[in-house]
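Q: Hey, could you walk me through this protein? I'm new to reading structures, so plain words please.
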Amino acid sequence: MNRPTLDDNSDAETAIERASHEITQMFQHCQRLIRQIQSKSRGTTAQEERISQNVLTSLVTSLQELYFGFRQAQSKYLKRLNSREERSRHYFDMNMTVINDDVELLQEELQNGVMRFLRGY
(Lines give C-alpha, C1' and ligand atoms only; values in the text may rest on other atoms or scores of the structure.)
Protein backbone atom coordinates (compact mmCIF):
# COMPACT_ATOMS: atom_id res chain seq x y z
CA MET A 1 0.00 0.00 0.00
CA ASN A 2 1.38 3.40 -0.95
CA ARG A 3 1.54 6.17 1.57
CA PRO A 4 -0.18 9.38 0.51
CA THR A 5 2.07 12.25 -0.37
CA LEU A 6 1.47 15.93 0.07
CA ASP A 7 0.62 16.10 -3.63
CA ASP A 8 -2.07 13.44 -3.17
CA ASN A 9 -3.64 15.48 -0.37
CA SER A 10 -3.42 18.61 -2.48
CA ASP A 11 -5.13 16.87 -5.40
CA ALA A 12 -7.87 15.55 -3.12
CA GLU A 13 -8.36 18.97 -1.53
CA THR A 14 -8.56 20.60 -4.96
CA ALA A 15 -11.18 18.06 -6.05
CA ILE A 16 -13.18 18.67 -2.86
CA GLU A 17 -12.98 22.45 -3.32
CA ARG A 18 -14.13 22.10 -6.93
CA ALA A 19 -17.05 19.82 -5.93
CA SER A 20 -17.99 22.21 -3.12
CA HIS A 21 -18.02 25.12 -5.55
CA GLU A 22 -20.14 23.17 -8.06
CA ILE A 23 -22.64 22.17 -5.36
CA THR A 24 -22.88 25.78 -4.18
CA GLN A 25 -23.60 26.84 -7.77
CA MET A 26 -26.33 24.18 -7.98
CA PHE A 27 -27.96 25.55 -4.84
CA GLN A 28 -27.86 29.06 -6.30
CA HIS A 29 -29.39 27.77 -9.54
CA CYS A 30 -32.21 26.12 -7.57
CA GLN A 31 -32.86 29.39 -5.75
CA ARG A 32 -33.15 31.21 -9.10
CA LEU A 33 -35.59 28.58 -10.37
CA ILE A 34 -37.71 28.96 -7.22
CA ARG A 35 -37.82 32.73 -7.76
CA GLN A 36 -38.94 32.13 -11.35
CA ILE A 37 -41.75 29.87 -10.18
CA GLN A 38 -42.78 32.55 -7.66
CA SER A 39 -42.86 35.27 -10.27
CA LYS A 40 -44.77 33.15 -12.81
CA SER A 41 -47.39 32.12 -10.26
CA ARG A 42 -48.45 35.74 -9.72
CA GLY A 43 -51.60 36.80 -11.51
CA THR A 44 -53.06 33.31 -11.62
CA THR A 45 -56.26 32.07 -10.07
CA ALA A 46 -56.43 31.66 -6.31
CA GLN A 47 -56.39 27.88 -6.63
CA GLU A 48 -53.32 27.91 -8.93
CA GLU A 49 -51.59 30.35 -6.62
CA ARG A 50 -52.29 28.09 -3.62
CA ILE A 51 -50.91 25.07 -5.50
CA SER A 52 -47.81 27.08 -6.48
CA GLN A 53 -47.30 28.16 -2.87
CA ASN A 54 -47.58 24.54 -1.67
CA VAL A 55 -45.09 23.38 -4.29
CA LEU A 56 -42.73 26.26 -3.46
CA THR A 57 -42.94 25.56 0.26
CA SER A 58 -42.11 21.92 -0.36
CA LEU A 59 -39.23 22.80 -2.68
CA VAL A 60 -37.80 25.43 -0.30
CA THR A 61 -38.02 23.03 2.65
CA SER A 62 -36.26 20.26 0.72
CA LEU A 63 -33.62 22.68 -0.54
CA GLN A 64 -32.99 24.01 2.98
CA GLU A 65 -32.58 20.48 4.35
CA LEU A 66 -30.12 19.63 1.60
CA TYR A 67 -28.24 22.89 2.10
CA PHE A 68 -27.93 22.43 5.86
CA GLY A 69 -26.74 18.84 5.35
CA PHE A 70 -24.17 20.11 2.86
CA ARG A 71 -22.98 22.83 5.25
CA GLN A 72 -22.68 20.31 8.10
CA ALA A 73 -20.62 17.99 5.88
CA GLN A 74 -18.39 20.94 4.91
CA SER A 75 -17.97 21.92 8.54
CA LYS A 76 -17.14 18.35 9.55
CA TYR A 77 -14.57 18.09 6.75
CA LEU A 78 -12.94 21.40 7.71
CA LYS A 79 -12.75 20.34 11.36
CA ARG A 80 -11.08 17.07 10.38
CA LEU A 81 -8.68 18.95 8.11
CA ASN A 82 -7.81 21.46 10.83
CA SER A 83 -7.38 18.65 13.36
CA ARG A 84 -5.04 16.82 11.01
CA GLU A 85 -3.03 19.98 10.40
CA GLU A 86 -2.81 20.62 14.14
CA ARG A 87 -1.59 17.07 14.80
CA SER A 88 0.96 17.42 12.00
CA ARG A 89 2.12 20.77 13.30
CA HIS A 90 2.43 19.33 16.81
CA TYR A 91 4.36 16.31 15.48
CA PHE A 92 6.73 18.44 13.43
CA ASP A 93 7.19 20.94 16.26
CA MET A 94 8.11 18.09 18.61
CA ASN A 95 10.49 16.62 16.04
CA MET A 96 12.11 20.01 15.42
CA THR A 97 12.65 20.39 19.18
CA VAL A 98 14.30 16.96 19.31
CA ILE A 99 16.41 17.79 16.24
CA ASN A 100 17.45 21.15 17.70
CA ASP A 101 18.36 19.45 20.99
CA ASP A 102 20.40 16.85 19.07
CA VAL A 103 22.15 19.55 17.05
CA GLU A 104 23.01 21.47 20.21
CA LEU A 105 24.32 18.28 21.83
CA LEU A 106 26.41 17.46 18.75
CA GLN A 107 27.79 21.01 18.63
CA GLU A 108 28.70 20.78 22.30
CA GLU A 109 30.40 17.41 21.83
CA LEU A 110 32.21 18.70 18.77
CA GLN A 111 33.45 21.77 20.63
CA ASN A 112 34.60 19.60 23.54
CA GLY A 113 36.35 17.23 21.14
CA VAL A 114 38.05 20.13 19.35
CA MET A 115 39.15 21.59 22.69
CA ARG A 116 40.58 18.21 23.81
CA PHE A 117 42.33 17.87 20.46
CA LEU A 118 43.80 21.36 20.72
CA ARG A 119 44.97 20.75 24.32
CA GLY A 120 46.77 17.67 23.07
CA TYR A 121 49.05 19.89 20.99
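Q: How much area does the protein expose, and what share of it do carbon and sulfur atoms supply?
A: The protein exposes about 10,800 Å², and 55% of that comes from carbon and sulfur atoms. Keep in mind that this is a predicted model.

Q: Okay, and how much of the protein is buried?
A: Of its 121 residues, 7% count as buried.

Q: What about helices and strands, how many of each?
A: There are two helices and zero strands. Helix 1 covers residues 6-41, and helix 2 covers residues 46-119.

Q: Which residues make up the largest nonpolar core?
A: That one has five residues: F27, I34, L56, L63 and F70. Helix 1 and helix 2 are the elements that each give two or more residues to this core. Helix 2 gives the most, with three.

Q: Is there a general idea behind that?
A: Yes, a general tendency: in soluble globular proteins, nonpolar side chains tend to be buried together.

Q: Let's zoom in on F27. What does it touch, skipping its neighbours within four places in sequence?
A: F27 is in contact with L63, L66, Y67 and F70.

Q: Aromatic rings now. How many aromatic pairs does the structure hold?
A: It holds three aromatic pairs. In one of them, F27 and F70, the ring centres are 5.7 Å apart and the planes sit at 45°.

Q: So why is that pair called tilted?
A: Because of the angle: planes under 30 degrees apart count as stacked and over 60 as edge-to-face, with the rest counting as tilted. The F27 and F70 planes are at 45°, so that pair is tilted.

Q: Where do those two sit along the chain?
A: F27 is in helix 1 and F70 is in helix 2, 43 residues apart, so the pair links distant parts of the chain.

Q: Are they buried or exposed?
A: Both F27 and F70 are buried.

Q: Which residues form the aromatic cluster?
A: F27, Y67, F68 and F70 form one cluster together.

Q: Switching to charges: how many salt bridges are there?
A: The structure holds one. E13 pairs with R84, and their closest N and O atoms are 3.2 Å apart. This pair also links distant parts of the chain, with E13 in helix 1 and R84 in helix 2, 71 residues apart.

Q: How accessible are E13 and R84?
A: E13 has a relative accessible area of 23%, so E13 is partly exposed. R84 is partly exposed too, at 33%.

Q: Back to nonpolar stuff, but on the surface. Which residues make the nonpolar patch?
A: I37, I51, V55 and L59 make a nonpolar surface patch of about 310 Å². Helix 2 gives the most to this patch, with three residues.

Q: Where is L59 found, and how does it count for exposure?
A: L59 is in helix 2. Its relative accessibility is 37%, so L59 counts as partly exposed.

Q: Last one, S41. Which helix is it in, and why does it count as buried?
A: S41 lies in helix 1. Buried means under 20% relative accessible area, and S41 has 7%, so S41 is buried.

Q: And what does S41 touch, leaving out residues up to four places away in sequence?
A: S41 touches E49 and S52.

Note on methods. Residues numbered from 1 in each chain as written. Predicted model: local features only at pLDDT ≥ 70, side-chain atom pairs only at ≥ 80, totals over all residues. Heavy atoms only, no water. Helix = DSSP H or I, 4+ residues; strand = E, 2+ residues; numbered from the N terminus. Buried < 20%, exposed > 50% of the residue type's maximum accessible area, 1.4 Å probe, protein only. Areas by Shrake-Rupley, 256 points an atom, 1.4 Å probe, with all protein chains shown as cover. Contact = heavy atoms within 4.5 Å. Phe/Tyr/Trp six-rings, centres within 6.5 Å; stacked < 30°, edge-to-face > 60°. Core = buried A, V, L, I, M, F, W, Y, C linked by side-chain atoms within 4.5 Å. Patch = residues over 30% accessible without salt bridge, like charges linked within 9 Å, V, L, I, M, F, W, Y side chains within 5 Å. Salt bridge = Lys/Arg side-chain N within 4 Å of Asp/Glu carboxyl O.
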